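Dear colleague,

I am handing over the structure below, and after it you will find what came out of going through it. Please read the notes with the coordinates open beside them.

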Amino acid sequence: MLKAELPGVNREDLDLSLHDGVLTLAGERREEKTFENAEVHRSERFLGKFQRSFTLPAAVDAAKVQASFKDGILTVTLPK
């Protein structure tokens with residue numbers, strides 16, 4: 001199982017792909033809406049595009065991989 005914490009990322013901004021035993025997670029964290037007449041003094045959240053790739057063990061059954069996204073947590077189940 002693979003879990004990724006993705007606060008501030010919308011489901012439609014995520015792309016998960018599996019090719020030749022490599023699972024790739026890509027997405028984009030967009031700037032949050034700000035209030036009118038408000039100024040941000042400090043932000044510690046990375047904005048922009050990101051991508052991570054994971055080489056899977058040969059025992060993973062690619063046809064049965066499942067993913068769910070709830071409350072900013074992506075969970076990918078990788079059955080053998």
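Strand S3 and strand S4, the latter spanning residues 48-55, pair in the antiparallel sense over eight bridges, and within this pairing Glu28 stands opposite Lys49 of S4. Please keep in mind throughout that this is a predicted model, and that what follows describes the model as it stands.

On its other pairing, S3 is joined by six bridges to strand S2, residues 14-19, and these two strands also run antiparallel. Two of the facing pairs may help you to find the register: Asp15 stands opposite Ala26 in S3, while His19 has Val22 of S3 as its bridge partner. S2 and S3 form a hairpin with two residues between the strands, and there Asp20 takes a positive phi near 50°, which you may wish to look up in your own backbone listing.

Taken together, these strands make an open sheet of three strands in the order S2-S3-S4, with antiparallel pairing. Its edge strands are S2 and S4, each of which pairs on one side only, and neighbouring strands of this sheet are turned against each other by 15° on average, with direction ignored. As for S3 itself, which covers residues 22-29, six of its eight residues are buried, so the strand is largely enclosed by the rest of the structure.

There is also an open sheet made of S1, S6 and S5, in the order S1-S6-S5, and here too the pairing is antiparallel. The edge strands in this case are S1 (2-5) and S5 (66-70), each pairing on one side only, and the twist from one strand to the next averages 15°.

S5 pairs with strand S6, residues 73-77, in the antiparallel sense over five bridges, whereas S1 and S6 are held in antiparallel pairing over four bridges. Val76 of S6 is a useful residue to start from, since it appears as bridge partner of Ala67 and also as bridge partner of Leu2. S5 and S6 form a hairpin with two residues between them, and in that turn Asp71 has a positive phi of about 55°.

Which residues of strand S6 deserve a closer look? One of them is Thr75, which is found in this strand and counts as buried because its relative accessible area is 16%, under the 20% that marks the limit for buried residues. Leaving aside neighbours within four places in sequence, Thr75 is in contact with Met1, Leu2 and Lys3, and also with Gln66, Ala67 and Ser68.

Finally, the nonpolar interior. The largest nonpolar core has 13 residues, and those with the most contacts inside it are Leu6, Leu25, Leu74, Val76 and Leu78. Strands S1, S3 and S6 each supply at least two residues of this core. Leu78, for its part, touches Leu2, Leu56, Val60 and Val65, not counting residues up to four places away in sequence. As general background, nonpolar side chains in soluble globular proteins tend to be buried together.

With best regards

Terms used. Residues are numbered from 1 along each chain as its sequence is written. This is a predicted model: local features need pLDDT of at least 70, side-chain atom pairs count only at pLDDT 80 or more; totals for chains, interfaces and linings use all residues. Side-chain values use heavy atoms; hydrogens and water are left out. Buried means under 20% relative accessible area, exposed over 50%, partly exposed in between (1.4 Å probe, protein chains only). Two strands pair if DSSP finds at least two bridges between them. Axes are lines fitted to C-alpha atoms, for helices over the stretch in contact, and angles run from 0 to 180 degrees between N-to-C directions. A nonpolar core is a set of buried Ala, Val, Leu, Ile, Met, Phe, Trp, Tyr and Cys residues joined through side-chain atoms within 4.5 Å. Contact means heavy atoms within 4.5 Å.
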